Amino acid sequence: MQLFAHRGVSDLAPENSMAAFELALLQQSDGIELDVRLMSGEVVVMHDITVDRTTNGTGLVQQYSLEQWQLLNAGDGHAPPSLRQVLTLVAGRCDVNIELKSNDLVHQVAAEITYAVNCLSFELKQLCVSAFDHRVLMVLKDILPQANIAPLIASCPITLSQLAADMGAEALHSDVETTDAELVHDAHTRGLAIRVFTVKQADDLLRLKKIGVDAVFVNDVAWARRVLNTAV
């Protein structure tokens, strides 16, 4: 079962900061998960619609200029990174899951994926794009048909993983509370990977491994690895 660093190693460093992503690499994470929004035409790594919770600033992400952005502190002494900065740091050393938090940056993210494959030592299979708004994933597939997509779900649909298969997705990303053996089996039967967010309890981690989940998003990869190794 793969271990993805959720917003980087966000239990030990500020979420979605370069420090959190550097720690994810040090912990030899199988993958990094991050959230992106558009700021002055640039794809930046930020979960919330405002910068208030995770920086020393206030206001909407989309209202910032590049100059104002560089004055922010993401908690590690640096401004919140751009997607390009994180992809350059990772340089193909692990998978990256890019979660789209708005619908205005699909073309830019497609361009970043293409750049990462052509210039930053990534293989296309290492990059996956997820979103709760499944429509933006279909827009991405129209722009970049070879892109790997994964719809996010916070409930278990009656038709289980069919929606992901119908979208031509590579994976389904499901909530820890509603992921069970039936959903996992259905996803695998349809040729889909299933990755689960966000796993914070040891019991959940062990349960998900037992039912065959492909990957989990955790806030501390080293912790998750210790739990799994201890249970062997």
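**Close-up 1. Gln126, a buried loop residue in this predicted model.** Gln126 has a relative accessibility of 12%, under the 20% cut-off, so Gln126 counts as buried. Gln126 belongs to the loop that runs between α4 (106-119) and β5 (127-131). Setting aside residues up to four places away in sequence, the partners that Gln126 touches are Gly92, Cys94, Asp95, Val96 and Ser121. If you have the model open, try picking out Ser121 among those partners.

**Close-up 2. Ser121, an exposed residue with a positive phi.** Ser121 sits in the loop between α4 and β5. Phi of Ser121 is near 70°, a positive value in a residue that is not glycine. The relative accessibility of Ser121 is 58%, over the 50% cut-off, so Ser121 counts as exposed. Ser121 is also one of the residues touched by Gln126.

**Close-up 3. Arg7, a buried residue with a positive phi.** Arg7 is found in the loop between β1 and α1 (18-26). Although Arg7 is not a glycine, its phi is positive, at about 60°. With a relative accessible area of 15%, Arg7 is buried. Here is a link to the next view: Arg7 is among the residues in contact with Ala20.

**Close-up 4. Ala20 in helix α1.** Is Ala20 buried or exposed? Its relative accessibility is 0%, so Ala20 counts as buried. Neighbours within four places in sequence aside, Ala20 is in contact with Arg7, Gly8, Val9, Ala13 and Pro14. For a sense of scale, take Leu120, which is 100 residues from Ala20 in sequence. The C-alpha atoms of Ala20 and Leu120 are 20 Å apart in space.

**Close-up 5. Ala74 and its contacts.** Ala74 lies in the loop between α2 (66-69) and α3 (83-90). Ala74 is buried, its relative accessible area being 6%. Apart from neighbours within four places in sequence, Ala74 is in contact with Pro14, Ser17, Thr54, Thr55, Ala79 and Pro80. Ala74 and Glu15 are 59 residues apart along the chain, and their C-alpha atoms are separated by 8.2 Å. Both Ala74 and Glu15 return in the next view, as lining residues of the largest cavity.

**Close-up 6. The largest cavity and its lining.** Rolling a probe the size of a water molecule over the atoms shows where empty space is left. How many cavities of 30 Å³ or more does the count give? The count comes to one. The largest cavity holds about 50 Å³ of space. Its lining is made up of Glu15, Asn16, Val45, Met46, His47, Thr54, Ala74 and Pro80. By type, four of these lining residues are nonpolar, three are polar and one is charged.

**Close-up 7. The largest pocket.** About 160 Å³ of space lies in this pocket. There are 15 lining residues, and those closest to the centre of the pocket are His6, Glu33, Glu99, Phe132 and Phe197. Two elements, β2 (31-39) and β4 (95-100), give two or more residues to the lining. The lining of the largest pocket divides into four nonpolar, six polar and five charged residues.

**Close-up 8. Helix α3 and its buried side.** Which residues of α3 are buried? They are Leu83, Val86, Leu87 and Val90. These residues cover an arc of only 95° around the axis, which puts them on the same side of α3. An α-helix has 3.6 residues a turn, so residues three or four places apart point the same way. The elements covering the buried residues of α3 include α1, β2, β3 (42-45), β4, α4 and β5. Just after α3 comes Ala91, with a positive phi near 50°.

**Close-up 9. Helix α9, with buried and exposed sides.** In α9 (residues 221-231), the buried residues are Val221, Ala224, Val227 and Leu228. Looking down the axis of α9, these buried residues fall within an arc of 125°, so they line one face of the helix. Arg226, Asn229 and Thr230 are exposed on the other side of α9. Among the elements that cover the buried residues of α9 are β1 (2-6), α8 (202-210) and β9 (215-218). Finally, look at the N-terminal end of α9, which is capped by Asp220. A side-chain oxygen of Asp220 lies 3.2 Å from the backbone nitrogen of Ala222.

Key. Residues are numbered from 1 along each chain as its sequence is written. This is a predicted model: local features need pLDDT of at least 70, side-chain atom pairs count only at pLDDT 80 or more; totals for chains, interfaces and linings use all residues. Side-chain values use heavy atoms; hydrogens and water are left out. On a 1 Å grid over the protein atoms alone, a cavity is a set of points where a 1.4 Å probe fits but cannot get out, and a pocket is an open set with protein on both sides within 12 Å along at least five of seven lines; lining residues have an atom within 4 Å of a point. Grid points are joined across faces, edges and corners, and a volume is the space filled by probe spheres set on the points. Ala, Val, Leu, Ile, Met, Phe, Trp, Tyr, Cys and Pro count as nonpolar, Asp, Glu, Lys and Arg as charged, and the others, Gly among them, as polar. Helices (H or I, at least four residues) and strands (E, at least two) are DSSP runs, numbered from the N terminus. Buried means under 20% relative accessible area, exposed over 50%, partly exposed in between (1.4 Å probe, protein chains only). The arc is that of the directions from the helix axis to the C-beta atoms. Contact means heavy atoms within 4.5 Å. A polar contact is a pair of N or O atoms within 3.5 Å; within protein, one must be able to donate a hydrogen and the other to accept it, and residues adjacent in sequence count only if both atoms are side-chain atoms.
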